[in-house]
Amino acid sequence: MIRTELDAAGIRAARLRESYQRCRELNARHGRTFFLATRLLAPAQRPAIHALYGFARWADDIVDEPPIDDAAGSAAARLDAVAQDLHDCLRGTPGDDPILAALADAAARYRIEHSLFDDFLDSMRMDLTVTDYPDRAALDRYMHGSAAVIGLQVLPVLGTLGPQADAAPYAAALGKAFQLTNFLRDIAEDLDRGRVYLPADELAAFDVDRARLQWCRTHRRTDTRVRSALAAQHAVARDWYRYADTGIALLHPVSRPCVATAAVLYSEILDRIEQTEFAVFTARATVSNARRTRVAGSALARALWARRGRRARALTQAERSA
């Protein structure tokens with residue numbers, strides 16, 4: 001299927017096709033839910049989405065999974081090298097890294113703002129030194145680069161009915177909703193890395209601090225205070241999903257089934273957490289493969305209908321021009 005996608009996107013050069021293939025493999029391996037949703041996009045859209053998510057996953061792994069023997073230097077130095085190589089690629093200087101080659105090509109094709117990649121890398125650098133966030137404003141500064149800009153990056157690929165600026169706030173909010181869902185699901189794993197991605201002052205309102213979270217992690221149980229604090233953060237995530245949902249109608253009809261499916265499946269992770277009474281220190285909440293398949297399957301008809309409508313409109317316009 002990747003050949004069909006690359007052909008549809010007009011990507012002909014053999015080396016560049018290999019670069020996009022590498023990004024697709026990263027997206028498939030690390031982002032199962034979103035990768036499934038991308039199958040609902042038109043084939044021509046998929047390579048650019050894979051490039052954007054493949055790059056994000058790759059950079060995130062530099063921070064979270066550094067090599068045991070990092071002879072090339074620290075993670076910070078590696079991120080700086082990535083930033084420099086990316087800038088070179090974006091300016092048209094060919095590089096050796098396949099992921100950056102695909103990303104630069106996608107950015108050029110869809111005129112994605114280069115500053116969005118700088119903002120993303122800035123947040124990745126924060127992960128190297130920042131372990132706690134005192135309040136929502138501090139966390140939002142991090143989430144702008146780590147999540148909101150991802151929504152803004154994909155927006156030109158998805159397409160909009162009106163000005164992109166109208167849809168931008170909703171795209172950013174959905175990115176933040178996805179990430180806060182991850183923070184809540186992965187709180188135990190993040191603690192193991194020494195990080196807490198929840199506002200300290202909002203946790204303190206329930207008499208919860210890092211030590212209390214660590215106690216829950218050690219004893220593999222969620223006490224009453226932590227349960228209440230997490231429920232409050234769930235409410236924030238729900239609000240972001242509701243807000244973002246109103247912006248889906250601003251997207252091109254071909255892209256709506258993909259985004260709607262991703263939003264439904266990610267929000268259902270919150271459902272699973274709530275159903276277990278916030279037992280996030282015991283098991284990782286997931287949506288079953290069967291459920292993902294059902295949701296994506298029901299959206300497939302809408303996606304095919306939207307693509308058929310676009311082809312019909314294109315044919316009509318061509319006939320009128322003849």
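**Exercise 1. Leu 152 and its neighbours**

Task: In which helix is the place of Leu 152, and which residues does Leu 152 touch, not counting residues up to four places away in sequence?

Solution.
- Step 1. Find the helix. Leu 152 has its place in helix 8, residues 136-158. Keep in mind that this is a predicted model.
- Step 2. List the contacts. Not counting residues up to four places away in sequence, Leu 152 touches Leu 116, Ala 168 and Ala 172.
- Step 3. Set sequence against space. Leu 152 and Phe 117 are 35 residues apart in sequence. Their C-alpha atoms are 10 Å apart in space.

**Exercise 2. Tyr 170**

Task: How far apart are Tyr 170 and Tyr 243, in sequence and in space?

Solution.
- Step 1. Place Tyr 170. This residue lies in helix 9, residues 164-185.
- Step 2. Take the sequence separation. Tyr 170 and Tyr 243 are 73 residues apart.
- Step 3. Take the spatial separation. From C-alpha to C-alpha, Tyr 170 and Tyr 243 are 6.8 Å apart.
- Step 4. Check for contact. Leaving out residues up to four places away in sequence, Tyr 170 touches Tyr 243, Ala 244, Thr 246, Gly 247 and Leu 250.

**Exercise 3. Helix 4 against helix 5**

Task: At roughly what angle do the axes of helix 4 and helix 5 cross, and which residues of the two helices meet?

Solution.
- Step 1. Know what to look for. Two packed helices are described by the distance between their axes and the angle between them.
- Step 2. Read both values. The axes of helix 4 (residues 46-64) and helix 5 (residues 75-90) come within 9 Å and cross at roughly 155°.
- Step 3. Name the arrangement. An angle over 145 degrees counts as roughly antiparallel, so helix 4 is roughly antiparallel to helix 5.
- Step 4. List the residues that meet. Helix 4 brings Phe 55, Trp 58, Ala 59, Ile 62 and Val 63. Helix 5 brings Ala 75, Arg 78, Leu 79, Val 82 and Leu 86.
- Step 5. Sort the residues of this contact. Nine are nonpolar, none is polar and one is charged.

**Exercise 4. A salt bridge in helix 6**

Task: How far apart are the closest N and O atoms of Asp 105 and Arg 109?

Solution.
- Step 1. Read the distance. The closest N and O atoms are 2.5 Å apart, and Asp 105 forms a salt bridge with Arg 109.
- Step 2. Locate the pair. Both residues lie in helix 6, four residues apart, which is about one turn of the helix.
- Step 3. Look at the whole structure. A search finds 27 salt bridges.

**Exercise 5. Empty space**

Task: Which residues line the largest cavity, and which helix supplies the largest share of the lining of the second largest pocket?

Solution.
- Step 1. Start with the cavity. The structure holds one cavity of 30 Å³ or more. The largest cavity has a volume of about 30 Å³.
- Step 2. Name its lining. Phe 183, Ile 187, Asp 190, Val 196, Tyr 197 and Leu 198 line the largest cavity. Five of these residues are nonpolar, none is polar and one is charged.
- Step 3. Turn to the second largest pocket. About 180 Å³ of space lies there. Of its 14 lining residues, the closest to the centre are Leu 16, Cys 89, Pro 94, Gly 95 and Ala 101.
- Step 4. Compare the helices. Helix 2 (14-30) and helix 6 (98-110) each supply at least two residues of this lining. The largest share, four residues, comes from helix 6.
- Step 5. Sort the pocket lining. Seven residues are nonpolar, four are polar and three are charged.

Definitions and conventions. Residues numbered from 1 in each chain as written. Predicted model: local features only at pLDDT ≥ 70, side-chain atom pairs only at ≥ 80, totals over all residues. Heavy atoms only, no water. 1 Å grid on protein atoms, 1.4 Å probe; cavity = no way out; pocket = protein on both sides within 12 Å on 5 of 7 lines; lining within 4 Å. Points joined across faces, edges and corners; volume = space filled by probe spheres on them. Nonpolar A, V, L, I, M, F, W, Y, C, P; charged D, E, K, R; others polar. Axes fitted to C-alpha atoms, helices over the stretch in contact; angles between N-to-C directions. Parallel < 35°, antiparallel > 145°, perpendicular 65-115°, else oblique. Contact = heavy atoms within 4.5 Å. Salt bridge = Lys/Arg side-chain N within 4 Å of Asp/Glu carboxyl O.
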